[in-house]
Each structure stands twice: as structure tokens, then as C-alpha cells.
Amino acid sequence: MLKDKIDIKIIEDFYSEVLDNERKIRIYLPPSYSTQKNKYYPVLYVHDGQNVFEAAESYSGESWNLHQTAEQLIRESLIKEIIIVAADNMNEERLSEYAHQDGFYKGERVKARGFDYEKFLLRELMPFIAEHFRIKEGPENTGLMGSSMGGLLSFNIGLRRTDIFGKLGVMSPSFWWGKTTPLEKINSFKYQNLNSKIWLDTGEAEGRFMSFSENLISELKNLKNDLNLDLIYYQVPNAVHSEIDWGERVHCPLLYFYGDIGEIKGLELFGEEKINLKGIKRRINPVLTFDSRFKMTALEGEFRSLTPELLRINKNGTLTPKKAGQAEIEFNVYGYRASKKIKIVKK
């Protein structure tokens, strides 16, 4: 295990005048940091610091183990060396600080302080890190990442301040929060001439509350293909809303931001193998796997039904059954082809 060799510095009580509170800051330093005194490093800021490196103080008792993943990728020469700064949340104040819109949780109104948290990050924490650690500056060297409400926070701050953050890790974002729909949140920013890299994901088993609608997937395709946006989306098969699942795929955004995702190794279609003739709409998820262990959902490519008299499929992978029977669909992208058989039953 690499755990005992990994250098993590702890600031126990970092005070914020903006938020008027103190929190722990955890800082991962890469392998060469202590020996190469003149070397400077890209920096990645991550929310929910309790959950990022160790499980002992995590709310769920689980951790991303981000330090171990980063260290392993660095030692395998798959990504460049980076510094990771993980700021703890403030427990009962978390929802308020991570929200840019007022909302409700368990029947109680939550007053948004996301703009104040943004000031804390930009005016207090980041200058402190720049003063005390050897970081490279500029948006091309500065990333922001989080999950759940932390994913929503990363999305909002990162797209509000593209002059500062050039890499955005938006994992299982709580787009349901607040007064606007997920689609409205996506469309609330301008993407023309945007140079940021955006990693966006969600787990297929996170439930309808967190799932991305067909309209949202369609809009992501439009942004990527029409505006040439540097966006990668991963709809993660069987993944739930948990630190363990985020940790299992966090190597993907790290490779995307700081390394080389490699070459495509395979294509697989995920989705139901049996659907009801009059059931709810189902969608096929085409996942590309790379030789670096990187995975992503293909936002390009073309779906086709090989049995259109039984089953139709639109450009977003949504299935429309017409008759009971054994149907088959296929998907083509980047010269790769995959097919899937789907049984249609009456009930």
C-alpha cells in the first residue's frame, strides 16, 4: 500500500472572516514536493474534505481515497504531479454554504451562502495556499472538484469564474436543488469560446431524483458537438450516491485533467435487457473503455434499431417499443460498433 508514504499536511483551524467560522484544510503533496524545492505544481481544490482522503471523519464512514488514487497514477506516470487541497465542510452549515440558490431540505428552508463560500475560496483560502505552497497559477493549472452538493458548487463557481478555474470535476451534482430545473442550470451559463475542461458524471443507480433526463443528455450533446465544448460525461453503470463509488471513478477526471486518457479499448452498451411494451421509457448508455482504465459515455455516435418493427431508438438512446418480441439495436462511434438484444414483453 502507498498510504504510509503519502504526504498530507493538515491545517486544523483555518479561519474565514467571510463565513465567520473555522474548518480543517487537508493538503496532499506529491512525491517530489519535499525534494525538488524549485518545482511548482498544478492545484486541485476539492470540497467535503472529510470524505476525500480518509474515512475516519467522513459523515458516511467512507472515503474517496483520493490521495491513494492520485499517488498511484503519478507513480505509474499516467498523470503529472499535482497538489490537492481539500477543505472540510461545516456539517450543519454545508447545504447553506454549498448552495447558490435558496432551497428546502426536510421541510426546512435553507438560505444560500454559496456566494460567500465563493469569496472564502477565492479571497482567503486560495491566496493562503499560493503563499505557503509551490503552486502554478492560472486557470490551466487550477481545478475545482466535488460531489453531490459539492458537485453543484463546483459547477456554479467554476463556470462563474472561468478566469480562475480551467478544470471542473462535477460528480453526481445536485442539480435538483433550488428554484431552477437541471436543464435551466445547465443553460444558465455561456459556453461559447470556453476553454475549461468539464468532467460531469452521475450514477445510474442514484435514483430518479438524481438521474439526468433525456432533455439534459440532449443538451450536453449539443454543447459538446455544436460548440466544441471540452466536456466529458460518464453515466456510471450500477453506481450509487456514495463516497465509495466516487472514489472508484475519480481516476477518470484525474486522467482527463492531468494526464492522457489513452486509446479506446472497447465499447459496451448498458441498459435493460427486457422492457415492457407499455412501461416507462428506458435509455441505452454507450460506454467507452480506454487502455488507461478511463471510461466515458459517448455523446457522439449513432444509434440504430436492427428491428424497427419491434423497437425504435432515438438519437439519445431512448427506446420506444412497438411490439412484443426479440429486438436488437446497435451503436457506432469512432469506428467502434456494439449491439444489444432486448426482449420486449407485454407486461
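Mentor: Accessible areas come from the Shrake-Rupley method with a 1.4 Å probe, and for residues only the protein chains shown count as cover. This is a predicted model, in which local features need pLDDT of at least 70 and side-chain atom pairs pLDDT 80 or more, whereas totals for chains, interfaces and linings use all residues. Residues are numbered from 1 along each chain as its sequence is written, and side-chain values use heavy atoms, without hydrogens and water.

Trainee: What is the accessible surface of the chain, and what share belongs to carbon and sulfur atoms?

Mentor: The chain has 347 residues, of which 55% are buried (under 20% relative accessible area, 1.4 Å probe, protein chains only). Its accessible surface is about 16,500 Å², and the carbon and sulfur share is 45%.

Trainee: How many residues of helix H4 are buried?

Mentor: Helices are DSSP runs of H or I with at least four residues, strands E runs with at least two, numbered from the N terminus. Cover for the buried residues of H4 includes helix H3 (114-132) and strand S9 (197-203), through contacts (heavy atoms within 4.5 Å). H4 is largely enclosed by the rest of the structure, because its buried residues number eleven of the twelve.

Trainee: Which side chain of opposite charge is nearest to Lys167?

Mentor: Lys167 lies in strand S8 (residues 167-171). Lys and Arg count as positive, Asp and Glu as negative, while His and the chain ends are not counted. Lys167 is buried without a salt bridge (a side-chain nitrogen of Lys or Arg within 4 Å of a carboxyl oxygen of Asp or Glu). At 7.5 Å, the nearest side chain of opposite charge is Glu140.

Key:
Buried < 20%, exposed > 50% of the residue type's maximum accessible area, 1.4 Å probe, protein only.
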